[in-house]
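Me: I'm new to reading protein structures, and I'd like a close look at one part of this one. Could you take me through the salt bridges and then show me what surrounds them?

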Amino acid sequence: MITLANPEQVLEDEIANGATQKDVALTLAFALRDRDRHDWPRMMKAVMGRWPKGRERVLGMAWKRYGEWLAACREAAHE
């Protein structure tokens, strides 16, 4: 499984370098998968700083990707 050592910094760097909402959502989905303690307020501040009205959209995309990953894991476990 791919994990991010510092998703907060990755996300901030992505935003600083012009990443799309879809790109940032994927980074957030990886952070959700890690189950580690992350600085979620810091990540949300970065998202809201770039897209003041787009936080819900970015989070929705992240949760969707996370859900797809969970579904794929369940399916693989039943094969």
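Reply: Happy to! Two salt bridges turn up in this structure, which is a predicted model. Let's begin with the pair made by glutamate 12 and arginine 42, whose side chains meet with N and O 2.7 Å apart. Find both residues on the chain and you will see that this pair links distant parts: glutamate 12 sits in helix H1, arginine 42 sits in helix H3, and 30 residues separate them.

How open to the surroundings are these two partners? Glutamate 12 has a relative accessible area of 25%, so it is partly exposed. Arginine 42 is also counted as partly exposed, because its relative accessibility is 29%.

The other salt bridge joins arginine 55 to glutamate 56, with 2.8 Å between the closest N and O atoms. Here the partners fall into separate classes. Arginine 55 has 29% relative accessibility and so counts as partly exposed. Glutamate 56 reaches 54%, and since exposed means over 50%, glutamate 56 counts as exposed.

Now stay with helix H4, which covers residues 55–77 and holds both tryptophan 63 and tyrosine 66. Those two are three residues apart, about one turn of the helix. A search of the whole structure gives two aromatic pairs. In one of them, the ring centres of tryptophan 63 and tyrosine 66 are 5.6 Å apart and the ring planes stand at 85 degrees, so this pair is edge-to-face. The cut-off behind that name is simple: planes over 60 degrees apart count as edge-to-face. Trp69 joins Trp63 and Tyr66 in one aromatic cluster. Is tyrosine 66 buried or exposed? With a relative accessible area of 12%, tyrosine 66 is buried.

Next, look at what packs against H4. The buried residues of helix H2 pack against H4, and also against helix H1 (7–16) and helix H3 (40–50). H2 runs over residues 21–34, which makes 14 residues, and spans 20 Å from its first C-alpha to its last. That is close to the 20 Å expected at 1.5 Å a residue.

How many of the 14 residues in H2 are buried? Eleven are, and the helix is mostly covered. Among them are Val24, Leu28, Phe30 and Leu32, as well as Arg33 and Asp34.

Glutamine 21 belongs to H2 too. It is a good residue to zoom in on: a relative accessible area of 15% is under the 20% limit, so glutamine 21 is buried. Leaving aside residues up to four places away in sequence, glutamine 21 touches Trp51, Gly54, Arg57, Val58 and Met61. After the other end of H2 comes arginine 35, with a positive phi near 60 degrees.

Finally, go back to the segment before H1, where you will find asparagine 6. This residue has a relative accessible area of 34%, so it is partly exposed. Trace from there to aspartate 39: the two are 33 residues apart along the chain, yet their C-alpha atoms are separated by 9.6 Å.

Methods:
Residues are numbered from 1 along each chain as its sequence is written. This is a predicted model: local features need pLDDT of at least 70, side-chain atom pairs count only at pLDDT 80 or more; totals for chains, interfaces and linings use all residues. Side-chain values use heavy atoms; hydrogens and water are left out. Rings of Phe, Tyr and Trp (its six-membered ring) pair if their centres lie within 6.5 Å; planes under 30 degrees apart count as stacked, over 60 as edge-to-face and the rest as tilted. Helices (H or I, at least four residues) and strands (E, at least two) are DSSP runs, numbered from the N terminus. Buried means under 20% relative accessible area, exposed over 50%, partly exposed in between (1.4 Å probe, protein chains only). The expected span of a helix is 1.5 Å times one less than its number of residues. Contact means heavy atoms within 4.5 Å. A salt bridge is a side-chain nitrogen of Lys or Arg within 4 Å of a carboxyl oxygen of Asp or Glu.
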